[in-house]
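Welcome, and please have your viewer ready with both chains coloured separately. We will go from one selection to the next and look at what sits there.

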Amino acid sequence: MNILVCVKRVPAPGARINITEDGLGVDTAFLGFTVSPHEECAVEQAVQLVEKHGGEVTVLTLGPAEAEEQLRTAVSVGAAKAVLVPITESDWDPQRTAQAIASVITDLENANGKFDLVLFGNESADSCGYQVGIRVALKLGRPMVNGAKGLDIEGSVAKVRRESDAGMEIYLLPMPSAIGVKEGINLPRYPTMKGRLASKKVDVTRTESTGSVGGLKMIQLQRPPERVSNTQILGTGPEAASAVVDLLEELGVFK
Amino acid sequence: MSVLAVIEHDRGTIASASLGVLTAARNLAVQMGTSLEAVTVGTNADALSTVAAQYGATVVHQAHHSALTDFGPEAWGEAVAQVVRKNSPQVVIGTGTERGHEVIAQVAARLDLPASMNCLEFDSSFTGAQPLKVVRARWGGSLLEESEVDAAIKLVTLANHTFEAVESPASASNVVHEVELNDSVMHSFVQDRVERVAGVTLATAPVVVSGGRGVGSAEAFAPLEELAGLLGGVVGCSRAVTNNGWRNHTDQVGQTGTRIAPDIYIACGISGAIQHWVGAMASKNILAINTDKEANIVTKAGYAVIGDLHKIIPAISEEIRRRRG
């Protein structure tokens, strides 16, 4: 089975994100970059499925030239092929991104046959748009669900598990289908030495694509007001236990 | 001319986030001098018209189709898209939940319209004609983005917990729409559901005792489990813990984990990186236990104990048992 995973290059989670002076972007001078967390899990899931059922994983990103680094990361953990859709900006709006990606996928499929699965992350960690995968899937005419916390293949059907407030939902999607993956579906592996070598050698295909500018325009970024708390130090070490339990009593959580 | 609120429900039970959406949509409609309308999907949600009216909806569009008995993102998106196409509201507001984002994204894709997710604020001078300026949450809320939705119909979702639900009763008329759904949207319905075992969950627990990298190992979570048990709470953790394989991802608090809002959040050995903080910041009280008094979480918490969590947590449990006799 052939699986395509669409990933996005984002600043590494955990880092403090600073805004550039003009408020139009993120100051990347001291930032490390990574594959957006949900998509990191999508790559892992694809690699696991291929290990079980055969086939190969292709990874695709639309992003700046530097995003090649994230494609090579995906290869180091088991992806076989990598496609970069280069853009000169750091980001495109969701409509434009989806149009460009869908057109590249269509070209790839016309040349090499259909992907059984096209995987996305549930939402990108940076822009949190929750929509590119859904837009691409519709353009490709694939059934799509987001939020997958489990994904198995049963014959020609993709079985998706997803959490809701009520419990664990099961979806059955005939393949070819598209699925948005959520962190927690697996624990992504670390690259092996062999993987690292493969990631250096892989030929990253560069495919230009275009899309018309969509209707969501970023004007500027702002930092939310910092929460400054006048922290009350209850004590130091185990001797503080009594003060802690007093507090729990006062808050009504210890009865 | 209207503002349309998309009501999220589960088999006819309204999602609480829908009430905030109705309230925000009503406020915007009043500002624009237009009316609040709502849409429900499936006959099992018809009864929710009375709830929508309670919040000021004057028209409730009921999308009907025999297949709409449970949630299905594509069918729901298509059903709402058909109602939107027929009525051309100026703004459509959905819930900022997993289902809410997904349905609005489906509507957006089907109508080829822009969509702005997780909005916190709408331009107070918006009248309906011009592009809609919004402030939306990026990075799970650690950065805000001022943006503009430029389209005849503006699709947005509302960041969860930002608008308090306030009733404002109106009398509503119901309009039934027999929507047409073709085979292409029939493949993504919920086929089965394993119901959650009753009990407190991370999202609803009154007390969350959470551990970070500072806990050190999977086994070292035992004292946290004990304390959580004594307080009728649950154990949570940071992303570092999940990445180390010490705990399951279902326990993770943060941007890519669960958003919590307990009466008290006891954060042990957690530095409080922004992606963790955005998942915990809705907690009513925060007690940080940390060796580093300069740690982010300590400076943001209302209360802190400085020192080794491995000694402090057992001492707290001991004190609780002592007082209970």
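Two strands count as paired if DSSP finds at least two bridges between them. Keep that in mind for the first stop, and remember throughout that this is a predicted model.

**Stop 1: a strand pair across the chains.** Select strand E13 of chain A, residues 216-222, and strand E9 of chain B, residues 143-149. They run antiparallel and are joined by 6 bridges. Now click on A:Leu221: its bridge partner in E9(B) is B:Glu145.

**Stop 2: the whole contact.** Next, show the residues of each chain that touch the other. Chain A gives 66 residues to the contact and chain B gives 75. On the chain B side, these are 34 nonpolar, 21 polar and 20 charged residues.

**Stop 3: a sheet built from both chains.** Select the strands E14(A)-E17(B)-E16(B)-E15(B)-E13(B)-E14(B), given here in their order in the sheet. This is an open sheet of 6 strands with parallel pairing. Its edges are E14 of chain A (232-236) and E14 of chain B (234-237), each of which pairs on one side only. From one strand to the next, the twist averages 20 degrees.

Zoom in on the place where the chains meet in this sheet. E14(A) runs parallel to E17(B), residues 303-306, and 4 bridges join them. Here A:Gln232 stands opposite B:Tyr303. Helix H6(A) packs on the sheet, where it touches E14 of chain A as well as E16 (286-290) and E17 of chain B. The direction of H6(A) makes about 140 degrees with that of E14(A).

**Stop 4: a helix pair.** Keep H6(A), residues 241-250, and add H9(B), residues 309-324. How far apart are their axes? They lie 8 Å apart, and the helices pack at an angle of about 60 degrees. H6(A) and H9(B) are therefore oblique to each other, and the crossing is right-handed. From H6(A), the contact uses A:Ala241, A:Ser242, A:Val244 and A:Val245, while residues on H9(B) include B:Ile312, B:Ala315 and B:Arg323. By type, the residues of this contact are 7 nonpolar, 1 polar and 3 charged.

**Stop 5: an enclosed helix.** Finally, select H4(A), residues 132-140. Of its 9 residues, 7 are buried, so this helix is largely enclosed by the rest of the structure. Among the buried ones are A:Ile134, A:Arg135 and A:Leu138. Their cover includes H3 (94-112), E6 (117-121), E7 (144-148) and E11 (177-181) of chain A, together with H4 (98-111) of chain B. Just after H4(A), look at A:Gly141, which takes a positive phi of about 70 degrees.

Definitions and conventions:
Residues are numbered from 1 along each chain as its sequence is written. Chains are lettered from A and ligands numbered from 1 in the order in which they are written. This is a predicted model: local features need pLDDT of at least 70, side-chain atom pairs count only at pLDDT 80 or more; totals for chains, interfaces and linings use all residues. Axes are lines fitted to C-alpha atoms, for helices over the stretch in contact, and angles run from 0 to 180 degrees between N-to-C directions. Helices (H or I, at least four residues) and strands (E, at least two) are DSSP runs, numbered from the N terminus. Angles under 35 degrees count as roughly parallel, over 145 as roughly antiparallel, 65 to 115 as roughly perpendicular and the rest as oblique. A crossing is left-handed if the near helix is turned anticlockwise from the far one by less than a right angle, and right-handed if clockwise. Two residues are in contact if their C-beta atoms, placed from the backbone, lie within 7 Å. Ala, Val, Leu, Ile, Met, Phe, Trp, Tyr, Cys and Pro count as nonpolar, Asp, Glu, Lys and Arg as charged, and the others, Gly among them, as polar. A residue is buried if 20 or more other C-beta atoms lie within 10 Å of its own, exposed if 12 or fewer, and partly exposed in between; C-beta atoms are placed from the backbone.
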